[in-house]
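Please open the model in a viewer and display it as a cartoon. The tour below proceeds by selection, with a short account of what is found at each stop.

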There are 2 protein chains.
Amino acid sequence: MSVPMTKVTSSPAKDRWGPPYLLYLGNAKDRLSIKTARGLAFWRPEWCVAQYAGPNCAEKLDLPMMDFKAAKAAGVDTMVLGVANAGGVMGDDIRSDVIEALRAGLNVASGLHQRLSSDPQIEAVARECGRVLFDARFFPHSIPVGNGKPRAGLRMLTVGTDCSVGKMYTTLAMEREMRSRGIKADFRATGQTGILIAGSGVPIDALVADFISGGAEWVSPAREDGGWDLIEGQGSLFHPSFAGVSLGLLHGSQPDVIVMCHEAGRQQMRGLPHYSVPSLKECIEANLTAARLTNAKVAIAGVALNTSLMPVDAGIELCGQIERELGLPCQDPVTMGTSKIVDRMLECVAK
Amino acid sequence: MSVPMTKVTSSPAKDRWGPPYLLYLGNAKDRLSIKTARGLAFWRPEWCVAQYAGPNCAEKLDLPMMDFKAAKAAGVDTMVLGVANAGGVMGDDIRSDVIEALRAGLNVASGLHQRLSSDPQIEAVARECGRVLFDARFFPHSIPVGNGKPRAGLRMLTVGTDCSVGKMYTTLAMEREMRSRGIKADFRATGQTGILIAGSGVPIDALVADFISGGAEWVSPAREDGGWDLIEGQGSLFHPSFAGVSLGLLHGSQPDVIVMCHEAGRQQMRGLPHYSVPSLKECIEANLTAARLTNAKVAIAGVALNTSLMPVDAGIELCGQIERELGLPCQDPVTMGTSKIVDRMLECVAK
């Protein structure tokens with residue numbers, strides 16, 4: 001089950017799902033709950049034909065509204081459940097909509113915790129209609145534990161001061177920047193939204209604990225074409241709930257370069273008001289020290305600063321201040337791009 | 001499903017398993033493959049009535065041989081699968097022996113990867129005979145992710161330069177030493193052998209990655225009686241395959257004190273000949289730095305040196321040398337006990 005990384009196909013083989021997409025918002029309550037749909041629409045607009053919203057949907061995207069039959073008629077291949085419920089479970093409304101979409105001839109991909117294929121009725125309808133189900137949080141492959149062996153290729157990993165500071169956006173922005181320069185670069189997804197954007201990847205935080213670094217090795221294998229793997233980071237070495245995931249990902253990625261992601265103004269660690277966000281300097285040092293275990297030559301290419309919560313001018317000024325303090329490029333990938341960070345990254349490996 | 005921690009009972013309630021034990025060796029090929037049985041016999045000799053060996057068993061323990069019926073007649077409650085196969089799966093010989101043991105009236109506990117309860121025939125026979133199955137590598141509880149909140153109680157965690165250097169033995173030796181002084185202290189198991197010894201615990205490396213630190217918090221909850229939780233460590237921050245597990249366990253344990261475990265003479269990381277074992281000093285510093293995230297007052301109490309591969313005199317000399325170099329007590333817990341390490345640990349928290 002994979003989708004083409006660059007081309008849109010409207011008639012995938014029977015065991016495949018892929019774009020064009022209908023983004024399912026259901027009865028989303030707020031902005032945060034359509035994070036996955038928003039990420040897809042932002043990073044892969046050419047794949048997103050339409051959205052479907054329920055009668056009580058409070059947040060929408062800037063896309064045409066279509067029901068399942070209209071979407072099928074418009075050439076949509078797959079409906080993506082781009083909505084996060086409390087607990088990641090499917091409500092009855094989502095379940096019946098999924099079944100209706102399958103009957104209308106759409107494949108269905110989901111980023112929910114609860115698997116589509118764990119629902120006997122959905123599974124039966126998909127089989128009956130010859131449609132494909134894809135669960136981004138489920139990893140069906142059997143992989144070995146990490147072996148730490150040096151492997152060919154160039155790899156960048158985004159790391160962070162905290163969870164949800166913009167690691168996926170930064171990684172995708174760097175892919176866009178590098179491809180615009182004609183450099184081979186591929187986003188490697190490690191979370192459910194990233195997997196739905198990339199069409200493949202490893203849901204790293206859903207693996208059994210012993211296989212974290214093995215999962216990172218799997219998603220960015222040896223590469224001989226001179227191109228870059230740009231690996232989506234997760235969590236933070238300084239987040240007491242998830243640091244183990246971050247460390248295993250760091251070791252398995254064997255990055256040549258890391259990029260530090262941070263949200264301007266964030267004071268406390270996400271979900272843990274009793275923990276302060278570490279300083280950029282401390283966090284960079286800790287990541288470099290840990291990363292050296294599997295790649296002694298690792299370097300830091302810059303800081304990706306999420307300034308979405310502050311005025312534009314203040315964001316520009318803060319980036320300049322961080323650049324002077326740390327001697328590293330600092331940009332907001334969404335509003336300023338990543339050209340300076342990519343320049344520095346290429347310098348790092350040219351040495 | 002739990003066993004009494006200190007008393008032996010021969011007639012547990014119907015949903016419980018426990019000692020007295022029959023240790024099942026099957027057709028073990030070598031010393032390493034009966035590691036679990038050997039650990040049980042060494043640390044809980046009062047629980048281990050007999051052993052059962054197949055016709056091709058190459059390694060045995062110093063226990064009476066009994067078949068299943070004889071063991072039942074001798075008062076055994078539970079047969080423990082104390083043997084590790086390649087891949088942790090049950091062969092046909094083990095499967096048929098388990099069924100025979102259930103029919104003879106024994107409960108069965110297992111440290112294998114493959115779950116007893118995943119075998120429909122074993123499950124059916126257990127139900128038919130009213131016997132209990134226990135899988136030490138399976139964690140049936142639903143737990144939250146770690147929250148990093150400070151909690152009451154005193155906690156020690158063993159950490160290591162590598163995997164398989166003696167963290168479980170060190171933790172159990174410290175429990176023995178402390179109890180002999182009348183100090184309340186309880187071994188908290190995080191691996192399958194430890195869980196079979198303790199009768200409960202969390203198989204930390206079998207948890208989903210997001211729940212590592214939550215698992216550590218679960219196994220050593222807030223404690224108000226002035227006693228110690230002695231937590232069995234796993235892996236090493238310097239092992240590229242498993243460091244994520246070690247870091248999550250370190251953060252979730254919030255140890256007041258760590259004890260560094262090392263095998264004298266080991267040059268390469270287990271299973272990774274391309275990685276050198278870190279120096280004790282470097283490894284201690286890295287663990288203290290990481291541990292401070294959730295407990296700023298963490299201290300190092302000493303070094304537990306596994307000297308089993310060297311002559312006794314050389315082991316004693318090496319311990320002295322390490323003590324002078326690091327200014328910390330250093331003992332082989334099996335041959336020298338842990339009195340100096342425990343003394344230092346108590347000093348650390350008395351400050």
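Select strand E3 (residues 78-81) and strand E4 (residues 107-110) of chain B in this predicted model. The two strands run parallel and are joined by 4 bridges. Within this pairing, B:Leu81 stands opposite B:Ser110 of E4(B).

Next, add strand E5 (residues 133-135) of chain B, which pairs with E4(B) in the parallel sense over 3 bridges. Here B:Phe134 of E5(B) is found opposite B:Ala109. To follow the connection, display helix H4 (residues 120-129) of chain B: the chain passes from E4(B) through this helix to E5(B), in a right-handed β-α-β crossover.

Now show the side chains of E4(B). Are its faces covered or left open? Both are covered: B:Asn107 and B:Ala109 on one side are buried, as are B:Val108 and B:Ser110 on the other.

Move on to the open sheet of 6 strands in chain B, with parallel pairing and the order E7-E8-E6-E9-E12-E13. Strands E7 (185-188) and E13 (330-331) of chain B stand at the edges; each has a single partner strand, so one side of each is left without a neighbour in the sheet.

At the E7(B) edge, select strand E8 (residues 228-231) of chain B, which pairs with E7(B) in the parallel sense over 4 bridges. B:Trp228 in E8(B) is the bridge partner of B:Ala185.

Finally, select helix H10 (residues 312-326) of chain B together with strand E12 (299-306) and E13 of chain B. The helix lies across both strands and runs at about 160° to E12(B).

How values were computed:
Residues are numbered from 1 along each chain as its sequence is written. Chains are lettered from A and ligands numbered from 1 in the order in which they are written. This is a predicted model: local features need pLDDT of at least 70, side-chain atom pairs count only at pLDDT 80 or more; totals for chains, interfaces and linings use all residues. Two strands pair if DSSP finds at least two bridges between them. Two residues are in contact if their C-beta atoms, placed from the backbone, lie within 7 Å. Axes are lines fitted to C-alpha atoms, for helices over the stretch in contact, and angles run from 0 to 180 degrees between N-to-C directions. A residue is buried if 20 or more other C-beta atoms lie within 10 Å of its own, exposed if 12 or fewer, and partly exposed in between; C-beta atoms are placed from the backbone. A crossover is right-handed if, with the strands pointing away from the viewer, the path from the first strand over the helix to the second runs clockwise.
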